[in-house]
Amino acid sequence: MNTLVIGIILVIGILTAGIVYAIYTEEKPVINIRNDQSEFHVDYACSGTAVCYVGEVTEVIDGDTLRIRGTPVRLALTSAPELSEENGIKARDFVAKLCPLGSNALVDEDDKQTSGSHGRMVAKIVCGTNIVNSRLVEEGLGEIDKKFCSISEFASEDWAKKFGC
C-alpha cells in the first residue's frame, strides 16, 4: 500500500477510537465557541445527555426565544415579557445584543424537558461568555419561572439558584 492510503486508514482509526471512547464513557465534549464578530473564546462542557450543539443565530424572536441553526429554542427556566408588554421589546433587543444575528451560540437542551414547549426546544443558551438565561434576569428584563424549577436539569446551577430556583 502506498503511504497516503496508510495515513488515511490511521486517521480514520484514531477518529473512530475517540468517538467510541466518548460514547463509552458518556462524556460530553468541551465545545469551544469563537465568534469572529467580537473577541471572545469560551470553553463550555455540555451537561446531561440531551442535544448540545453550536449553531448560528438566525433570529431573535423575542426575549426568551431564539432561532438557532433553524431551530426555535426557548430559554430554560427564564421568562421574558411578550413583545406587546412593558419591556418586551427591550428584552428582545438585549438578547439580540448578546447573540447578534450570524453569531455562534451554544444550545444545551434541558434533559428534563426534551419534549419542548410549543414546538420549541427548551435549553440553556450560551453566547460568547454569557449564559443568556441568566443575563436576561440579571438585567431585570426577565425572571425565573419557578414552576419549572422542579423539572429542569439547570435548576441546581448557581445562576438559577441565585434567582429563586
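Start at the turn between β4 and β5 in this predicted model. Select R69. This turn residue has a positive phi of about 50°. The two strands make a hairpin, with two residues between them.

Now extend the selection to both arms. β5 covers residues 71-75 and runs antiparallel to β4. Four bridges join the pair. For a cross-strand contact to centre on, pick L66, which stands opposite V73 in β5.

Step back along the chain to β3. Select residues 52-62 for β3 and 65-68 for β4. These strands also pair in the antiparallel sense, over four bridges. Here too the link is a hairpin, and two residues lie between β3 and β4. Click V57: across from it, in β4, is I68.

With the strands displayed as sticks, check the side-chain directions. In a regular strand the side chains alternate between the two faces of the sheet.

Next, turn on the surface and go to the largest pocket. What is its volume? About 200 Å³. To find the centre of the largest pocket, select R74, Q113, S117, V122 and F148; of the 15 lining residues, these are the closest to it. Which elements give two or more residues to the lining? They are β5 and β6, the latter at 78-79. β5 therefore links the two parts of this tour: it pairs with β4 and contributes to the pocket lining.

Finish by colouring the lining by residue class. Expect five nonpolar, six polar and four charged residues around the largest pocket.

Methods
Residues are numbered from 1 along each chain as its sequence is written. This is a predicted model: local features need pLDDT of at least 70, side-chain atom pairs count only at pLDDT 80 or more; totals for chains, interfaces and linings use all residues. Side-chain values use heavy atoms; hydrogens and water are left out. Two strands pair if DSSP finds at least two bridges between them. On a 1 Å grid over the protein atoms alone, a cavity is a set of points where a 1.4 Å probe fits but cannot get out, and a pocket is an open set with protein on both sides within 12 Å along at least five of seven lines; lining residues have an atom within 4 Å of a point. Grid points are joined across faces, edges and corners, and a volume is the space filled by probe spheres set on the points. Ala, Val, Leu, Ile, Met, Phe, Trp, Tyr, Cys and Pro count as nonpolar, Asp, Glu, Lys and Arg as charged, and the others, Gly among them, as polar.
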